[in-house]
Amino acid sequence: MTATLAPPVRIGKAAVGALGMLAVATGALESVVTPTLPLLQRELDMSPAEGALLSIVLLITGALVTPVAGKLGDRYGGKRVLIRLMAVVSAGGLVSALAPNLPVLLLGQILQGAMVGALPLSFIVVRKHLPAGESKVAIGVVSGLFVGGGMAGTLSAGPVAEGLSRHWMFALPTIAVIGSTILLNRLMPHDPPGRSDDAGVDWPGLLLLSGTLVTLMLVLALAPDIGSQPLVLGALIVVLAAFVTGWTAVERRAASPMVDLRMLVRPAIWKSCVLTFVMCVGTSVAVYLVPQLFAVPAGAYGFGAGATEIGFYLLPGAVAASLAGPMAGIGARRFGSRAVVTAGIVIMAAALISLAAVHTEVWHLVIGKMMISLANGLCVTAMVTTTAISVEQSDTGIATSLVLVTRVIGYAVGAQVGGALLTAATPSGSDVPAESAFVTGFVIAGAVTALSLLVARTMGKGVKE
């Protein structure tokens, strides 16, 4: 008699619904900082460079946690790791809610960054408990609800911060995360652990990459004050070089590296990484500068918008970002990935240069930010797709992790460059930077984005899937 594989343990709609609730809650908690960043800078007396650091520290943590969470989920079971990850996120949300100053708020955001690993773990759980067809639907629902939660957080953060306080804009979604985690723990059965990876987690690589990213952010944050702190900045640059050298050496020798640098010699991979970095720098400059420009007093050259208004102004960009993924997939199937990437680069470069030239009306910024979000979604989706299909199936995770790390570095560099420009252009005793800083930021981002066309034109046409 032939042995047959046991069918997957089925889960009901209630368990999938609990996963969806968790996705909404984490999406909302992730998105509350962007529309309220000018308010947080005022209340916590932050410089623009410090505000830029606050805006991207969660993403940096997420990039470091996600590959480790995926490995641990495969080894010990997705539900077990997901529940523990949500405990860290909940602690981070509570720390952010109670934070009296910037250092404590940064700590809260670092802990909250663990939420980025929640989606891959949710997918592990769903795939183990549902047949292939149903799992695809469930994964789509959970992903869509995460995006929806982000939109809800963008809209609600301003009214909550202005109507109650900045503390409640972190506390309310954190309470939702705690509640949905408890519900998920009750409704979702434990999934069996997978095969153990003998090589284990690349902890040295993870620690060295963490040091590299943190030091890079400090270098960019201190760059505007180079005249007053040249020795500190020089020492940080030496430390950064040491971290990069050490990380490169460790990753080249690791049996199971966090990021397999040997993949970078493949043209499809390094081109994807270069393009992803450039597009994310351009997007991040806009993501940081546009809310700051909305908040500049109307008596100067801005619009004097509060956190609530900024949230509404940013909503079209969030909608465009959510539509970009499906549009990129359709475009890649019909025209090929190179055409999609080229279109995204042209749209983003045009939008950034247009914002530099014309930003005297609210709708200028709303449309510009919307087109940048759309362009970024088109390009990054096409890059991930191109990367995934250019390697063997067994190398998909390693190759896409390179794009993930590059994406995070691009976002981090872009936000810090924007913050450094505003800090350098803010006169002593004033809270309003010179308008030229915004123009310079948009022009630099637009020019760098346009130059990436030189890389895009050398891409293979790609498979029309």
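So, before anything else, a quick definition: when I say helix, I mean a DSSP run of H or I that is at least four residues long, and helices get their numbers from the N terminus. Keep that in your head, because the names α2 and α3 come from that numbering. And please remember that what you see here is a predicted model.

Okay, the overall picture. This protein chain has 17 helices and 0 strands. It runs to 465 residues, and 51% of them count as buried. The chain exposes about 20100 Å², with carbon and sulfur atoms supplying 68% of that. And if you take the contacts between residues at least 6 apart in sequence, 81% of them join residues at least 24 apart.

Let's start in a loop. D45 sits between α2, which is 33–43, and α3, which is 48–76. What is odd about the phi of D45? It is positive, about 55 degrees, although D45 is not a glycine. For background, most residues other than glycine have a negative phi. Is D45 buried or exposed? It counts as exposed, because its relative accessibility is 68% and the cut-off for exposed is over 50%.

Now go to E43, in helix α2. How many salt bridges does the structure hold? Just 1. E43 forms a salt bridge with R166, and the closest N and O atoms are 3.1 Å apart. R166 belongs to helix α8, residues 166–187, so this pair links distant parts of the chain, 123 residues apart. In general, side chains of opposite charge can pair when their charged atoms come close. The two partners are covered to different degrees: E43 counts as partly exposed at 47% relative accessibility, while R166 is buried at 8%.

On to helix α3, where we find T61. With a relative accessible area of 13%, T61 is buried. Which residues does T61 contact, leaving aside neighbours within four places in sequence? They are I110, G113 and A114.

One of those, I110, falls within the range of helix α5, which covers residues 102–112. The buried residues of α5 are L102, L105, L106, G108, Q109 and Q112. Why do they sit on the same side of α5? Because they cover an arc of only 160 degrees around the axis. Here's the textbook bit: an α-helix has 3.6 residues a turn, so residues three or four places apart point the same way. At the N-terminal end of α5 there is a cap, N101, with a side-chain oxygen 3.1 Å from the backbone nitrogen of V104.

There's another threonine I like, T212, and its place is in helix α9, residues 203–222. T212 counts as buried, at 10% relative accessibility. A polar atom of the T212 side chain lies 2.8 Å from the backbone oxygen of L208. Setting aside neighbours within four places in sequence, T212 is also in contact with L240, F243, V244 and W247.

Next, the rings. The structure holds 3 aromatic pairs. In one of them, F294 and F303 have ring centres 6.1 Å apart and planes at 55 degrees, so that pair is tilted. F294 also pairs with Y313, and that pair is tilted as well: 4.7 Å centre to centre, with 35 degrees between the planes. What does the pair of F294 and Y313 tie together? F294 lies in helix α11, residues 267–295, and Y313 in helix α12, residues 307–335, so the pair ties together parts that are 19 residues apart in sequence. Put it all together and ring pairs link F294, F303 and Y313 into a cluster. F294 counts as buried, at 0% relative accessibility, whereas Y313 counts as partly exposed, at 23%.

Last stop: I347, which is found in helix α13, residues 337–357. I347 is partly exposed, with a relative accessible area of 25%. Not counting residues up to four places away in sequence, I347 touches M371, A375 and L378. Take M371: in sequence I347 and M371 are 24 residues apart, and in space they are 6.8 Å apart, C-alpha to C-alpha.

That's my tour. If you go back to the structure, try finding E43 and R166, the salt-bridge pair, and then the ring cluster of F294, F303 and Y313.

Terms used: Residues numbered from 1 in each chain as written. Predicted model: local features only at pLDDT ≥ 70, side-chain atom pairs only at ≥ 80, totals over all residues. Heavy atoms only, no water. Buried < 20%, exposed > 50% of the residue type's maximum accessible area, 1.4 Å probe, protein only. Helix = DSSP H or I, 4+ residues; strand = E, 2+ residues; numbered from the N terminus. Arc of directions from axis to C-beta. Polar contact = N/O pair within 3.5 Å; in protein donor to acceptor, adjacent residues only side chain to side chain. Contact = heavy atoms within 4.5 Å. Phe/Tyr/Trp six-rings, centres within 6.5 Å; stacked < 30°, edge-to-face > 60°. Areas by Shrake-Rupley, 256 points an atom, 1.4 Å probe, with all protein chains shown as cover. Salt bridge = Lys/Arg side-chain N within 4 Å of Asp/Glu carboxyl O.
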